[in-house]
Amino acid sequence: MGEGISDYNRCIIDLRRHMWLAGVEVELRRLIWQIAVTGKYISAKIHESNRKLAGFRNIYGEEQLSLDRSADEILKIQLQFSGFVREYTSEESDSVIKIGQGDEKYFVTADPLDGSSLVDTNLSIGTIIGIHKESIFAEGRKTMVAAMYITYGPLITMVYTAGHGVHEFVLNREGEYVLSEENITLKERGSIYSLGGLRKDWTPEHLRYVEYLEDTGYKLRYSGGFVPDINQILIKKGGIFTYPALKKSPHGKLRLLFELQPVAFIAEQAGGLATDGKKDILSLKVEELNQRCPIYIGSRFEVEKAREFLAKG
Ligand code: F6P
């Protein structure tokens, strides 16, 4: 992608046109488009929410859905209408939901509103999507065909990959997703780090790795929202995000299927790496929906360095 697009076209390129020029298969690009549009509805829901109303009754006595459950409902309904999705599963449900007729090509996973509690403090939050063929209970590398995330912050942005590079779009005032950066590529080495978990709960080898980063002069950047934190690394073209194995929770916190696989697919497409400390995230087999796993994701140098430190443990 990229070579076929002249500078003139680049100025006005929107998501649909970009995917068409990039040769993304027709059903897949319609699906990605549908999900991007759904991001607008989720964003509207965030804007109309009165922050802390979740779980309370509205003035008509109706129960308010929490924002993440509302986002899940919106996604599910939109995907049902798409005609391309056989099964849908999300962090909000404890099962795989058959939403198609059974002959559709794609299986969609979602973290409908990651970090939704950050709305209270007006920090950015996001939606993470994985698109698979055949099954989700396999290694991501075998089943994933596309991944995307949407950030709801000062701007609404959408980052996608369909296996041909990573591209960012910004939602403009006219409601169009306009290309803002094409073929995002992580540098070999960055200068920021984003660390989940409490220091007192880290393993000695992880602590030594963090001390290495600190001694080397990395700057701390952590908002507590996976989407904005990883987006920062991607847009700044380098660095490391980690939510490690903790002494009391050896599998860490983040979920393999809903959070880690899609973002790992994006990071690899951008020339970076994503590992649980030993194995690539995309080589881990999904055994259950809520499987958690430690994560080191970002530029190659920092991820390789993490592997080195963890191997000494
Ligand atoms: O999984 C939810 C989540 O909010 C992620 O978005 C984020 O990276 C992580 O949890 C933050 O966890 P903690 O509050 O332990 O730093």
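# Questions about a predicted model

Student: Where does asparagine 183 sit?

Tutor: Look for a loop flanked by strands, with helices and strands taken as DSSP runs (H or I of at least four residues for a helix, E of at least two for a strand) and numbered from the N terminus. Asparagine 183 is in the loop between strand E8 (177-181) and E9.

Student: What kind of model is this, and which atoms do side-chain values use?

Tutor: It's a predicted model, where local features need pLDDT of at least 70 and side-chain atom pairs count only at pLDDT 80 or more, while totals for chains, interfaces and linings use all residues. Residues are numbered from 1 along each chain as its sequence is written, hydrogens and water are left out, and side-chain values use heavy atoms.

Student: Back to asparagine 183: is it buried, partly exposed or exposed, and what is its phi?

Tutor: Buried means under 20% relative accessible area, exposed means over 50%, and partly exposed is in between (1.4 Å probe, protein chains only). Asparagine 183 comes out at 31%, so it's partly exposed. Most residues other than glycine have a negative phi. For asparagine 183 the phi is positive, near 50 degrees.

Student: What about glutamate 134: where is it, and what is its phi?

Tutor: Glutamate 134 is in the loop between strand E4 (125-133) and helix H5 (140-143). It counts as exposed because its relative accessible area is 61%. Though not a glycine, glutamate 134 has a positive phi of about 70 degrees.

Student: Which residues surround the ligand?

Tutor: The shell takes any residue with a heavy atom within 4 Å of the ligand. Sorting by class, Ala, Val, Leu, Ile, Met, Phe, Trp, Tyr, Cys and Pro count as nonpolar, Asp, Glu, Lys and Arg as charged, and the others, Gly among them, as polar. That gives five nonpolar, two polar and three charged residues. The names are Asp114, Tyr222, Gly224, Gly225, Phe226, Phe241, Tyr243, Lys253, Leu254 and Glu259.

Student: How does the ligand make polar contacts, and what share of its area does the protein cover?

Tutor: A polar contact is a pair of N or O atoms within 3.5 Å; within protein, one must be able to donate a hydrogen and the other to accept it, and residues adjacent in sequence count only if both atoms are side-chain atoms. Ligand oxygens sit 2.5 Å from a side-chain N or O of aspartate 114 and 2.5 Å from a polar side-chain atom of tyrosine 222. Phenylalanine 226 brings a backbone N or O to 2.8 Å from a ligand oxygen. On its own the ligand has 400 Å² of accessible area (Shrake-Rupley, 1.4 Å probe), and the protein's share of cover is 74%.

Student: Phenylalanine 226 is also in helix H7; how many residues of H7 are buried?

Tutor: Helix H7 spans residues 226-235, and it's largely enclosed by the rest of the structure. Those buried are Phe226, Val227, Pro228, Asp229, Ile230, Asn231, Ile233 and Leu234. Just after H7, lysine 237 takes a positive phi of about 70 degrees. Of the 10 residues in H7, the buried number is eight.

Student: Which members of the largest nonpolar core touch the most others?

Tutor: A nonpolar core is a set of buried Ala, Val, Leu, Ile, Met, Phe, Trp, Tyr and Cys residues joined through side-chain atoms within 4.5 Å. The 53 residues here include four that touch the most other members: Leu234, Phe241, Ile281 and Ile295.

Student: Which helix gives this core its largest share?

Tutor: Among the core's 53 residues, nine come from that helix, residues 256-269. The core also draws at least three residues from each of domain 1 (7-181) and domain 2 (192-310), with bounds from an automatic or database domain assignment. The helix is H8.

Student: Just past H8, is glycine 272 buried or exposed?

Tutor: Glycine 272 lies in the loop between H8 and strand E12 (273-275). Its C-alpha is 11 Å from that of tyrosine 296, 24 residues away in sequence. With a relative accessibility of 3%, glycine 272 counts as buried.

Student: Which side chain makes a polar contact with aspartate 201?

Tutor: Aspartate 201 sits in the loop between strand E9 (192-195) and helix H6 (204-216). It counts as buried because its relative accessibility is 18%. At 3.2 Å, the partner side chain is lysine 200.
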